[in-house]
Structures are given as C-alpha cells and as structure tokens.
Amino acid sequence: MNIYLESFKTFFKIGMFTLGGGYAMIPLIEEEVVNHHKWVSKEEMLDLIAIAQSCPGVFAINISIFIGYKLRKTQGAIATALGTALPSFLIILAIAIFFHQFEDNKVIAAMFKGIRPAVVALIAVPTFNLARRAQLNWFTIWIPIVSALAIWLLGVSPIWIIILAGIGGYVYGKLRVES
C-alpha cells in the first residue's frame, strides 16, 4: 500500500481513539509505529518523544510530524500530521454543530466522567515506560522526581525544567567524555 496513505490512515486511527491529549497517544503510537509497522525502533521512539516534548506546539502533532518526516521527509510529515489532526477537527466541528442538542444530557455527562480515570491510566503507562527506557537508576531517579515536585508544588515553569535538564545533560555528557 502507498506509504503516505498507510501513514495517514494509521495516524487518523490513532487520532480517532485517543482521549486525553498527546501523551495518552503514546501507547497507541508505539503499538502502531514500533510494534506493528516497525517504522521506528523503540530507541528511536524514545528520542522522538523527547524531541517532540521539547518543541513548541501540540505534542501529538509534533510526534506525528517527526515520524512522518523520518518515513518520507516533508510529504510524509504532512500525511501523518493531517492524519493526527483531522479526527479532532471533525469531532470538534460535529460538537460545535450539535452541542446545544446534548449539552444537558446526563448520559453524555456520565460517559465523560467514566472516561476520566481511563485517561489518567493512558498518561501514566507511557510515563512509566519512558522512565524504564530512559534507564533511570538510583543516580538519576531524583531528576524526574525533583522536576515534577518543582512544577507541581512550586509552580516552576516546565520551560525552565527543560532548559535546566538540557544544560545538565550537556554538562554531564561533556564530563563523561572527558573522564
């Protein structure tokens, strides 16, 4: 099958069944892109996630663009980005058109309340998988813990965490090469 159509369909499917934003997409993307299609390796996926997180913009679009670009440069990036964004666009358009008809529907409200815990799990699983693949150990485990606490309790901007982590990684890499 045409790689552009295949990648578009894959990311359209991922976009259709992802609730909770880009981070909730990680397990679906990994299953399709790494395990099913084998377009990228697990190590490459971890790197792409790190790059997508550090770029401005929507995570889901960023990761789809990077994977599409890896597959077929600019045209691949366009196919995967459209596949990712189109389902959300269509759903939001439908909601905007029909919202007044079901805004007070108790069944719909109950469905959304039931979805919330599942979204938490969809975000937690890739977090633990990323931590495992990042090869955290007793020497490095403090970094994500302190970062999360600084953001949560002290209100530190995630931008500062990314900048400090990047500088720290650079310095660590330089020191490790020299020794």
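The largest share of the lining of the second largest pocket in this predicted model, eleven residues, comes from helix 4. That pocket is a convenient place to enter the structure, and the report moves from there to the chain as a whole, the other pocket, the surface and the charged pairs.

## The second largest pocket

The second largest pocket holds about 490 Å³ of space. It is lined by 22 residues, and those closest to its centre are G15, T18, L19, S88 and I91. At least two residues of this lining are supplied by each of helix 1 (3-16), helix 2, helix 4 (59-102) and helix 5. Sorted by class, the lining of the second largest pocket consists of 15 nonpolar and seven polar residues, with no charged residue.

## The chain as a whole

The secondary structure of the protein chain comes to seven helices and zero strands, so that a reader who follows the sequence meets the pattern α-α-α-α-α-α-α. Taken along the principal axes, the C-alpha atoms of the protein chain fill a box of roughly 65 × 45 × 25 Å. The protein chain has 179 residues, and buried residues make up 26% of them.

## The largest pocket

About 1,500 Å³ of space lies in the largest pocket. Its lining is made by 35 residues, of which Q53, A134, L136, I143 and P144 lie nearest the centre. The elements that give two or more residues to this lining are helix 2 (22-36), helix 3 (42-54), helix 5 (106-133), helix 6 and helix 7 (158-178). By class, the lining of the largest pocket has 23 nonpolar, nine polar and three charged residues.

## A nonpolar patch on the surface

Which residues make the nonpolar surface patch of about 1,300 Å²? The patch is made by L136, W138, I141, W142, I143, I145, V146, L149, W152, L153 and L154. Two of these names, L136 and I143, are also given among the residues nearest the centre of the largest pocket. L153 can serve as an example of a patch member: this residue is placed in helix 6 (residues 142-154), and L153 counts as exposed because its relative accessible area is 57%, where exposed means over 50%.

## Two salt bridges

Side chains of opposite charge can pair when their charged atoms come close. A search of the whole structure finds two salt bridges, and they are set out below with the distance between nitrogen and oxygen.

| Pair | N to O distance | Elements | Separation in sequence |
|---|---|---|---|
| K13 and E32 | 3.0 Å | helix 1 and helix 2 | 19 residues |
| E44 and K70 | 3.4 Å | helix 3 and helix 4 | 26 residues |

The pair of K13 and E32 links distant parts of the chain, with K13 in helix 1 and E32 in helix 2. Is E32 buried or exposed? E32 is buried, because its relative accessible area of 13% falls under the 20% that sets the limit for buried residues. Its partner K13, with a relative accessible area of 39%, is partly exposed.

The pair of E44 and K70 likewise links distant parts of the chain, here helix 3 and helix 4. E44 counts as partly exposed at 31% relative accessibility, and K70 is also partly exposed, with a relative accessible area of 41%. E44 can further be placed against a member of the nonpolar patch, since E44 and W152 are 108 residues apart in sequence and 29 Å apart in space, C-alpha to C-alpha.

## Two lysines with positive phi

Where in the chain do the lysines with a positive phi lie? K38, a residue other than glycine, has a positive phi near 60°, and its place is in the loop between helix 2 and helix 3. K38 counts as exposed because its relative accessibility is 62%. K73 also has a positive phi, of about 55°, although it is not a glycine, but K73 lies in helix 4. With a relative accessible area of 51%, K73 is exposed, since the limit for exposed residues is over 50%.

Conventions: Residues numbered from 1 in each chain as written. Predicted model: local features only at pLDDT ≥ 70, side-chain atom pairs only at ≥ 80, totals over all residues. Heavy atoms only, no water. Patch = residues over 30% accessible without salt bridge, like charges linked within 9 Å, V, L, I, M, F, W, Y side chains within 5 Å. Areas by Shrake-Rupley, 256 points an atom, 1.4 Å probe, with all protein chains shown as cover. Salt bridge = Lys/Arg side-chain N within 4 Å of Asp/Glu carboxyl O. Helix = DSSP H or I, 4+ residues; strand = E, 2+ residues; numbered from the N terminus. Buried < 20%, exposed > 50% of the residue type's maximum accessible area, 1.4 Å probe, protein only. 1 Å grid on protein atoms, 1.4 Å probe; cavity = no way out; pocket = protein on both sides within 12 Å on 5 of 7 lines; lining within 4 Å. Points joined across faces, edges and corners; volume = space filled by probe spheres on them. Nonpolar A, V, L, I, M, F, W, Y, C, P; charged D, E, K, R; others polar.
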